[in-house]
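This report looks at one structure from two sides, the contact between its chains and the surroundings of its ligand. Please keep the sequence and the coordinates at hand while reading.

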Amino acid sequence: MNVLSDNFAMFREGFIGTVELTALSALLALVLGTLVAGFRVSPVPALRVFGTAWVTLLRNTPLVLLFLAVTLGLPALGLKGWDSFWLAVLALGCYTSAFICEAVRSGINAVPVGQAEAARSIGMTFRQTLTQIVLPQASRTAIPPVGSLLIALAKNTAIASGFNVVELGSVQKTLNAAAGYDIYVIFLWIALCYIIITFTISGLFRLLENRLAVAR
Amino acid sequence: MSDHLQPPGIPPHQAGGSRPGTDALVVLDKVNKHFGALHVLQDIDLTIARGEVVVVIGPSGSGKSTLCRTINRLETTDSGSITIDGRPLPQEGKELARLRADVGMVFQSFNLFAHKTVLENVTLGQVKVRKKGREEAESTARTLLDRVGVGAQADKYPAQLSGGQQQRVAIARALAMEPKLMLFDEPTSALDPEMINEVLEVMQQLARDGMTMVVVTHEMGFARSAANRVVFMADGRIVEEAQPEQFFSDPRSDRAKDFLSKILHH
Ligand SMILES: Nc1ncnc2c1ncn2[C@@H]1O[C@H](COP(=O)(O)OP(=O)(O)OP(=O)(O)O)[C@@H](O)[C@H]1O
Ligand SMILES: [Mg+2]
């Protein structure tokens with residue numbers, strides 16, 4: 001008996017679960033991370049303080065603790081009706097956003113200050129300067145580390161299996177518990193699924209990097 | 001280069017004239033600034049009339065760049081007041097951005113937007129700040145690029161241009177905002193000698209067209225032919241102000257004599 005063909009539907013569901021979890025958390029992390037990076041370089045002190053606090057808090061909290069805080073804490077605080085999938089997206093997205101923020105910020109710092117000064121000198125506001133001039137140039141430096149962070153995120157999604165989310169990690173646990181399969185073979189198939197996802201991410205980022213390299 | 005450099009629609013303040021008007025466009029009153037313990041600007045009083053061309057000259061580290069940058073508040077000041085066209089410089093925010101759009105700035109290192117083409121460099125501010133339509137902005141940009149002599153480079157990226165070409169694009173980018181005043185911080189000192197003149201010519205034309213200009217430069221030829229006034233700075237103070245001819249042939253202060261003897265003997 002073959003563990004993959006016997007349980008193909010379950011594998012497929014787990015694979016799709018991991019892909020969805022990764023994609024949605026990545027989207028949230030990219031949006032939040034870029035926004036908070038903007039806060040950290042903003043002329044408004046309150047935003048800078050918020051940005052620093054966000055990064056310090058989320059970057060230094062173990063992901064499992066963050067999952068606990070989100071899946072147990074938020075409902076206890078009155079956030080009802082969110083299923084465990086969306087809570088997992090929230091936890092993974094916020095966690096990863098702290099790292100994305102720092103990658104984006106290092107990209108921002110790599111852009112010569114004269115670029116922002118020139119933008120300000122023609123009357124562009126802080127937001128225009130950031131979105132039109134600084135971030136597009138920062139992306140060249142930020143994209144490789146952001147790629148690595150999203151690969152780490154894809155693997156971190158496995159933690160969600162401990163919080164009632166169907167993804168590859170939960171498939172592995174279910175099959176390990178079912179009698180009769182060689183756990184090494186299960187492990188191999190699961191690993192292969194992760195490799196497909198992570199290779200796709202690095203491929204996408206290599207493509208992005210090459211496109212940005214020619215565009216000037 | 002007989003055509004004037006003013007953006008279309010804005011008549012020169014003083015068509016063809018070299019005599020500045022008498023009304024003040026920029027007034028600095030007792031401006032002070034520190035960088036830590038260093039007192040870079042000390043009680044600077046300076047009034048620039050509409051249409052006037054002021055050349056700022058002085059030894060390295062005397063505060064010329066800082067003075068230039070405080071006028072559009074790229075540097076903050078510690079005390080004193082700066083008014084432009086009768087209005088005090090606003091603090092940070094939208095107000096300040098609006099004022100900066102009226103004050104063009106040309107940097108020593110050009111600072112063209114590296115990820116945008118030459119044409120985009122000159123249209124961006126018109127579209128995002130002046131809220132002009134794309135077509136109108138592009139036609140203004142092309143007119144200005146032709147006037148500074150780089151019309152053929154419109155679709156290139158800054159890195160593909162020579163320094164002199166980049167600096168002329170930077171001037172066009174500033175002019176596209178239809179500024180009341182142009183600040184130049186050593187616009188030719190990062191250029192190879194053969195490119196200096198092409199930039200100076202553009203600036204000279206601009207001066208003839210009546211643009212109000214503050215120019216930090218050591219190009220005495222430019223100061224002699226285009227400036228109404230030379231302001232000599234040393235150690236954060238304005239030491240001497242004079243007509244160019246008088247300043248270069250017969251400076252009053254010892255500080256200026258010393259400085260001129262050094263740069264003239266090269
Ligand atoms: N951001 C800064 N932080 C600290 N010190 C600064 C800063 N910018 C300038 N300074 C110092 O202030 C002094 C005046 O600088 P400024 O650039 O205005 O001189 P300058 O007259 O333009 O000189 P140069 O001819 O070399 O361009 C210098 O001693 C410089 O080291
Ligand atoms: Mg300087």
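What follows describes a predicted model, taking the chain interface before the ligand site.

**The interface of chain A and chain B**

Between the two chains, 18 residues of chain A are in contact with 24 residues of chain B, and together chain A and chain B bury about 1,900 Å², with 60% of that area on carbon and sulfur atoms. Across this interface the rule finds seven residue pairs in polar contact, where both residues of a pair have pLDDT 80 or more. On the chain A side, the elements that give two or more residues to the surface touching chain B are helix H6 (113-121) and helix H7 (126-156), and of the elements on this side H6(A) gives the most, with seven residues. By residue class, the side of chain A that touches chain B divides into seven nonpolar, eight polar and three charged residues.

The rule also finds one salt bridge across the interface of chain A and chain B. In this salt bridge the side chains of Glu117(A) and Arg69(B) meet, with a distance of 2.7 Å from N to O.

**The surroundings of ligand 1**

Which residues surround ligand 1? The shell is made up of Phe35(B), Leu38(B), Val40(B), Pro59(B), Ser60(B), Gly61(B), Ser62(B), Gly63(B), Lys64(B), Ser65(B), Thr66(B) and Glu186(B), and these residues divide into four nonpolar, six polar and two charged. Strand E2 (38-49) and helix H1 (64-71) of chain B each supply at least two residues of this shell, and H1(B) gives the most to the shell around ligand 1, with three residues.

For three residues of the shell, the table gives the distance between a polar side-chain atom and an oxygen atom of ligand 1.

| Residue | Distance to an oxygen atom of ligand 1 |
|---|---|
| Lys64(B) | 2.8 Å |
| Thr66(B) | 2.5 Å |
| Glu186(B) | 3.2 Å |

On its own, ligand 1 has 630 Å² of accessible area, and the protein covers 58% of this area.

**The two sites together**

Read side by side, the descriptions give an interface in which H6(A) supplies seven residues to the side of chain A that touches chain B, and a ligand shell to which H1(B) supplies three residues. The interface includes the salt bridge of Glu117(A) with Arg69(B), while at the ligand the side chain of Lys64(B) has an N or O atom 2.8 Å from an oxygen atom of ligand 1.

Methods
Residues are numbered from 1 along each chain as its sequence is written. Chains are lettered from A and ligands numbered from 1 in the order in which they are written. This is a predicted model: local features need pLDDT of at least 70, side-chain atom pairs count only at pLDDT 80 or more; totals for chains, interfaces and linings use all residues. Side-chain values use heavy atoms; hydrogens and water are left out. Contact means heavy atoms within 4.5 Å. Buried area is the accessible area (1.4 Å probe) that two parts lose on being put together, summed over both. A salt bridge is a side-chain nitrogen of Lys or Arg within 4 Å of a carboxyl oxygen of Asp or Glu. A polar contact is a pair of N or O atoms within 3.5 Å; within protein, one must be able to donate a hydrogen and the other to accept it, and residues adjacent in sequence count only if both atoms are side-chain atoms. Helices (H or I, at least four residues) and strands (E, at least two) are DSSP runs, numbered from the N terminus. Ala, Val, Leu, Ile, Met, Phe, Trp, Tyr, Cys and Pro count as nonpolar, Asp, Glu, Lys and Arg as charged, and the others, Gly among them, as polar. A residue is near a molecule or strand if one of its heavy atoms lies within 4 Å of it. Accessible areas come from the Shrake-Rupley method with a 1.4 Å probe; for residues, only the protein chains shown count as cover.
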